Amino acid sequence: MNERTEQLKTRLKAKGLKITTQRLLVLRVLMDNAGEHLTAEEIYAKTCELNPGIGLATVYRSIQLLTQLGLVDRINLDDGSARYEISDADEEKGKHHRHHHLICLNCGKIIPFEKDLLEELERNVSETTGFQIVDHEVRLYGYCSDCSKAEVKSGLRTEE
């Protein structure tokens, strides 16, 4: 058994869940495709590659349960689809900070941005208002480097 599978089993056990093949498959697909922000249908297609007998309803139920337990994050990137990724919650600190997303308005590329620049703001808001922040989500819209370069090359925009 590889280290990744053991890590998945540990996460399931920590939440008091029975370790099933289906749950492990969903978590494995999300871990193997980190940064891709998969829809439930994409997760299903990838689990079918690993286990052709798995049902769509089973994958949906697994995703829903894993999301409710905080092992998987559901994210909305304003494209009409719920997307999912492995959670990076810090349960010991009671904080759940996802990475941020940069969304290209031209090609639709979604770029994860790992650096959390909002901790000082959160601390200030908490101190000022007494509001206990446990999560935030940031989406920044613009143009990825490839699309920006293409616009400059085609003469649609000048370099600054």
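In which helix is Arg23 found? In the predicted model described here, Arg23 is found in helix α2. Arg23 is buried, since its relative accessible area is 18% and the limit for a buried residue is under 20%. Leaving aside residues up to four places away in sequence, Arg23 touches Leu12, Leu17, Lys18, Ser62, Leu65 and Leu66. Ser62 and Leu66, two of these contacts, are also among the buried residues of helix α4.

The protein chain as a whole contains six helices and seven strands. Read from the N terminus, the order of these elements is α-α-α-α-β-β-β-β-β-α-β-β-α. The chain has 160 residues, of which 32% count as buried. When contacts between residues at least 6 apart in sequence are considered, 50% of them join residues at least 24 apart.

Helix α4 covers residues 56–68, which is a length of 13 residues. From its first C-alpha to its last, α4 reaches 18 Å, close to the 18 Å expected at 1.5 Å a residue. Val59, Ser62, Ile63 and Leu66 are buried in this helix. Viewed down the axis of α4, the buried residues fall within an arc of 100°, and therefore they line one face of the helix. Arg61 and Gln68 are exposed, and they sit on the face of α4 that is turned away from the buried side. After α4 comes Gly70, which has a positive phi near 80°.

Strand β1, residues 72–76, pairs with β2 in the antiparallel sense, and five bridges connect the two. Within this pairing, Asn76 of the model stands opposite Ala82 in β2. The hairpin of β1 and β2 has five residues between its strands. In this hairpin, Asp78 takes a positive phi near 60°.

A further group of strands forms an open sheet. This sheet has three strands in the order β5-β4-β7, and its pairing is mixed. The edges are occupied by β5 and by β7 (139–142); each has a single partner strand, so one side of each is left without a neighbour in the sheet. On average, and with direction ignored, neighbouring strands of the sheet are turned by 25° against each other. The pairing of β4 with β5 is antiparallel and extends over four bridges. His100 stands opposite Phe113 in β5.

The structure holds four salt bridges, three of which are described here. One of them joins Arg28 to Asp32, with the closest N and O atoms 3.5 Å apart. Both residues belong to helix α2 (residues 21–32), and because they are four residues apart in that helix, they are separated by about one helical turn. Arg28 is partly exposed, with a relative accessible area of 36%. Asp32 likewise counts as partly exposed, at 39% relative accessibility.

Another salt bridge links Glu42 and Arg83, where the closest N and O atoms lie 3.7 Å from each other. Glu42 is in helix α3 (residues 40–50) and Arg83 is in strand β2 (residues 82–86), so this pair ties together parts that are 41 residues apart in sequence. The two partners fall into separate classes of accessibility: Glu42 counts as partly exposed at 34%, whereas Arg83 is buried, with a relative accessible area of 14%.

A salt bridge also forms where the side chains of Asp146 and Lys109 meet, at 3.0 Å from N to O. Asp146 lies in helix α6 (residues 145–154), while Lys109 lies in the loop between β4 (100–104) and β5 (110–113), so the pair ties together parts that are 37 residues apart in sequence. Asp146 counts as partly exposed at 47% relative accessibility. Lys109 is partly exposed as well, with a relative accessible area of 33%.

Terms used
Residues are numbered from 1 along each chain as its sequence is written. This is a predicted model: local features need pLDDT of at least 70, side-chain atom pairs count only at pLDDT 80 or more; totals for chains, interfaces and linings use all residues. Side-chain values use heavy atoms; hydrogens and water are left out. Buried means under 20% relative accessible area, exposed over 50%, partly exposed in between (1.4 Å probe, protein chains only). Two strands pair if DSSP finds at least two bridges between them. The expected span of a helix is 1.5 Å times one less than its number of residues. The arc is that of the directions from the helix axis to the C-beta atoms. Axes are lines fitted to C-alpha atoms, for helices over the stretch in contact, and angles run from 0 to 180 degrees between N-to-C directions. Contact means heavy atoms within 4.5 Å.
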